[in-house]
Amino acid sequence: MRTTARRAGEAVRNAARKAGRTPQDQPTVAADPSGEESRAARRERLLASNLTELAVEFGTDKWGIHRYTPHYERHLQHLRGEEFTLLELGIGGYRKRRRSGASMKMWRWFFPHATIVGLDIEDKTWLTKGHIHAYLGDQTDPEILQRIIDEQGAPMVVVDDGSHIPAHVRESFRILFPLLPDGAIYCIEDTQTSYWPAWGGQLDPQARGTSMDLVKDLVDGLNHEEFLLDDYQPTYTDQWVRAVHCYHNLVIIEKGDNREGTNRDHSAHTFHGSSELPRG
Ligand SMILES: C[S@@+](CC[C@H](N)C(=O)[O-])C[C@H]1O[C@@H](n2cnc3c(N)ncnc32)[C@H](O)[C@@H]1O
């Protein structure tokens, strides 16, 4: 694992060298307070770390309480050496200053050339430094979301780790998803609140209006061209959600053209084979 991570780090650094970037473009690093590790050695180690190691380093629960980092690494690895904007809804830390922005710092080292933007209902704007930008506002407010896009560019990656209230999750997705570029990745964490009434969820797993209900609709929409409904009007997400990956409490949605064409005219009305139920 270490060797693979080291190679990934080398690849990132080589990509930076090729792109002619100076070391100033790389994230800055504080020296180890124990004095045992030099600033340069720490920087080298962090750039060579995988996402789980970075989560542990900076103290985000994306690894530990949750097991999200290997999934993120699989879906986001291709962006590691790229310049793009990542927006995370929910910066974290609550009243604890030292714990604030743990995941933003993790993303900063995993994506050394990206702009990392966070939005929180509590004021974390003091975290803004270098390529990290923290905004104050509500994840369901279209004005602040538009302002972020105007100032930082349309995000290639969105991570919703905010209130986890299903109505908020749905509203942020409704506002943001159409504004994202082709190839964007939209991640929703802690979807278990769909089933928890205290968080605005429902006891009935099939209930409408939850975060997972939104996700199930997206999954149906992947096949919308096969629906045998004459008057069906494809929705925006039918046409622009290309893949939906569901994990324990985490959903990763890929944006892309989902208008491949149908084969229903040829085969939907003619059944070949047996319609008997399997025995036993
Ligand atoms: C679980 S913490 C985020 C943790 C952080 N992303 C990490 O992994 O280290 C959730 C954050 O969402 C913020 N939050 C709650 N409701 C919000 C809302 N409506 N809009 C924006 N942020 C919100 C909270 O203040 C809190 O800082």
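Biologist: Which residue stands opposite Leu250 in S7?

Modeller: Glu189 does. Strands and helices here are DSSP runs, numbered from the N terminus: E over at least two residues for a strand, H or I over at least four for a helix. Strand S5 covers residues 185-189, and 5 bridges join S5 to S7. These two strands run antiparallel. This is a predicted model, in which local features need pLDDT of at least 70 and side-chain atom pairs count only at pLDDT 80 or more, while totals for chains, interfaces and linings use all residues. Residues are numbered from 1 along each chain as its sequence is written.

Biologist: How does strand S6 pair with S7?

Modeller: Strands of a sheet pair through backbone hydrogen bonds, either parallel or antiparallel. The cut-off for a pair is at least two DSSP bridges between the strands. S6 (residues 241-247) and S7 are antiparallel, with 6 bridges. Val244 has Ile253 in S7 as its bridge partner. The two strands form a hairpin, and 2 residues lie between them.

Biologist: What phi does Asn249 have in the turn?

Modeller: A positive one, about 70°. Asn249 is not a glycine. Asn249 sits in the loop between S6 and S7.

Biologist: How many C-beta neighbours does Asn249 have inside 10 Å?

Modeller: It has 17, so Asn249 counts as partly exposed. The scale counts other C-beta atoms within 10 Å of a residue's own, placed from the backbone: 20 or more is buried, 12 or fewer is exposed, and in between is partly exposed. Compare Asp190, in the loop between S5 and helix H8 (211-221). Asp190 also has a positive phi, about 60°, and is not a glycine. With 22 other C-beta atoms within 10 Å, Asp190 is buried.

Biologist: How many residues of strand S7 are buried?

Modeller: 5 of the 6 residues in 250-255 are, so the rest of the structure largely encloses S7. Over the whole chain of 280 residues, buried residues make up 36%.

Biologist: What is the strand order of the open sheet?

Modeller: Read it as S3-S2-S1-S4-S5-S7-S6, which is 7 strands with mixed pairing. S3 and S6 stand at the edges with a single partner strand each, so one side of each has no neighbour in the sheet. From one strand to the next, the twist averages 15°. For a parallel case, take strand S4 (residues 157-160) and S5, which pair over 4 bridges. There, Val158 has Tyr186 in S5 as its bridge partner.

Biologist: Which strands does H5 touch when it packs on the sheet?

Modeller: H5 touches S1, S2 and S3, and its direction makes about 165° with that of S2. Angles run from 0 to 180 degrees between N-to-C directions, with axes fitted to C-alpha atoms, for helices over the stretch in contact. Helix H6 (residues 142-152) also lies across S1, S2 and S3, at about 165° to S2.

Biologist: Is H5 mostly covered or uncovered?

Modeller: Mostly covered: 9 of its 9 residues are buried. Among them are Lys105 and Arg108, alongside Trp107, Trp109 and Phe110. A contact means two C-beta atoms, placed from the backbone, within 7 Å. The cover on H5 includes helix H2 (39-47), helix H3 (51-58), S1, S2 and strand S3 (132-136). H3 has buried residues itself: Leu51, Thr52, Glu53, Leu54 and Ala55. Just after H3, Gly59 takes a positive phi of about 85°.

Biologist: How many residues surround the ligand?

Modeller: There are 20, and the closest are Gly90, Gly92, Ser103, Gln139 and Ser163. A residue is near a molecule if its C-beta atom, placed from the backbone, lies within 6 Å of it. Strand S1 (85-89), helix H5 (102-110) and strand S2 (115-120) each supply at least two residues of this shell. Ser103 of H5 is buried as well.

Biologist: Which elements have the lowest and highest mean pLDDT?

Modeller: Helix H1 (residues 2-18) is lowest, at 42, and S5 is highest, at 99. pLDDT is the predictor's confidence in each residue, from 0 to 100. The chain averages 89, with 88% of its residues at 70 or more. Over residues 1-26, pLDDT stays under 50. The model has 22 contacts beyond four places in sequence for that stretch. Where pLDDT is low, the predicted coordinates should not be read in detail.

Biologist: How many helices and strands does the chain have?

Modeller: The secondary structure comes to 10 helices and 7 strands. Of the contacts with a separation of 6 or more, 60% link residues 24 or more positions apart.
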